[in-house]
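Open the structure in your viewer and get ready to click through it. Each stop below tells you what to select and what to look for there.

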Amino acid sequence: MAEFRTRLKELRASRNMKQGELAELVGVRRETIIRLEKGFYNPSLKLAVDISRVFGLTVEEVFIFEDSNEE
């Protein structure tokens, strides 16, 4: 099964950015950022790109999608 992880919390902390500030920059509610950080929500491609641009990173640097090889 595939695993989705995000570096949002770490990236925000490194820039002293609050969840609400990030939400405002990308045009979503703070609750959306909370759900993303907790792994309860997969972003749309547009949202993933918008968030990545805020941090000056690629989508792959912010969002990690890994295949876990279960035997």
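Start by selecting Asn-16, which sits in the loop between α1 and α2. Bear in mind as you go that this is a predicted model. Is Asn-16 buried or exposed? Asn-16 is exposed, because its relative accessible area of 71% is over the 50% mark. Look at the backbone here too: Asn-16 has a positive phi of about 50 degrees, although it is not a glycine. That deserves a pause, since most residues other than glycine have a negative phi.

**Back into α1**

Now select Arg-12, a residue of helix α1. Arg-12 counts as buried, with a relative accessible area of 10%. Which residues does Arg-12 touch, leaving aside those up to four places away in sequence? Show Met-17, Lys-18, Gln-19, Leu-22, Glu-37 and Phe-55, and you have the list.

Stay in helix α1 and pick Lys-9. In contrast to the buried Arg-12, Lys-9 is exposed, at a relative accessible area of 58%. Draw a distance from the C-alpha atom of Lys-9 to that of Ile-34: your viewer should give 9.1 Å, for two residues 25 apart along the chain.

**Along α2**

Next, select residues 19–26, which make up helix α2. Colour Gln-19, Leu-22, Ala-23 and Val-26, the buried residues of α2. Turn the view until you look down the axis of α2: these buried residues fall within an arc of 100 degrees, so they line one face of the helix. A general point helps here: an α-helix has 3.6 residues a turn, so residues three or four places apart point the same way. What do the buried residues of α2 pack against? Their partners are α1 (8–14), α3 (30–37) and α4.

Swing round to the other side of α2, where Glu-24 and Leu-25 are exposed. Gly-20 is also in helix α2, and at 33% relative accessibility it counts as partly exposed. Just after α2, click on Gly-27, which takes a positive phi of about 80 degrees.

**Where α2 meets α4**

Keep α2 on screen and add helix α4, residues 45–55. Two packed helices are described by the angle between their axes and the distance between the axes. Here the angle is about 115 degrees and the axes are 10 Å apart. The crossing of α2 past α4 is right-handed.

Show the side chains at this contact. From α2 come Leu-22, Leu-25 and Val-26, and from α4 come Leu-47, Asp-50, Ile-51, Val-54 and Phe-55. How many of the contact residues are nonpolar, polar or charged? Seven are nonpolar, none is polar and one is charged. For another distance to try, go from Gly-20 to Asp-50: the two are 15 Å apart, C-alpha to C-alpha, and 30 residues apart in sequence.

**Last stop: a pair of rings**

Finally, select Phe-4 and Phe-63, which form a stacked aromatic pair. Their ring centres are 5.9 Å apart, and there are 15 degrees between the planes. Which strands does the pair link? Phe-4 belongs to strand β1 (residues 2–6) and Phe-63 to strand β2 (residues 63–67), so the pair joins distant parts of the chain, 59 residues apart. Add a surface to see how the two are placed: Phe-4 is partly exposed, with a relative accessible area of 23%, whereas Phe-63 is buried, at 8%.

Definitions and conventions
Residues numbered from 1 in each chain as written. Predicted model: local features only at pLDDT ≥ 70, side-chain atom pairs only at ≥ 80, totals over all residues. Heavy atoms only, no water. Axes fitted to C-alpha atoms, helices over the stretch in contact; angles between N-to-C directions. Helix = DSSP H or I, 4+ residues; strand = E, 2+ residues; numbered from the N terminus. Left-handed = near helix turned anticlockwise from the far one by under 90°. Contact = heavy atoms within 4.5 Å. Nonpolar A, V, L, I, M, F, W, Y, C, P; charged D, E, K, R; others polar. Buried < 20%, exposed > 50% of the residue type's maximum accessible area, 1.4 Å probe, protein only. Arc of directions from axis to C-beta. Phe/Tyr/Trp six-rings, centres within 6.5 Å; stacked < 30°, edge-to-face > 60°.
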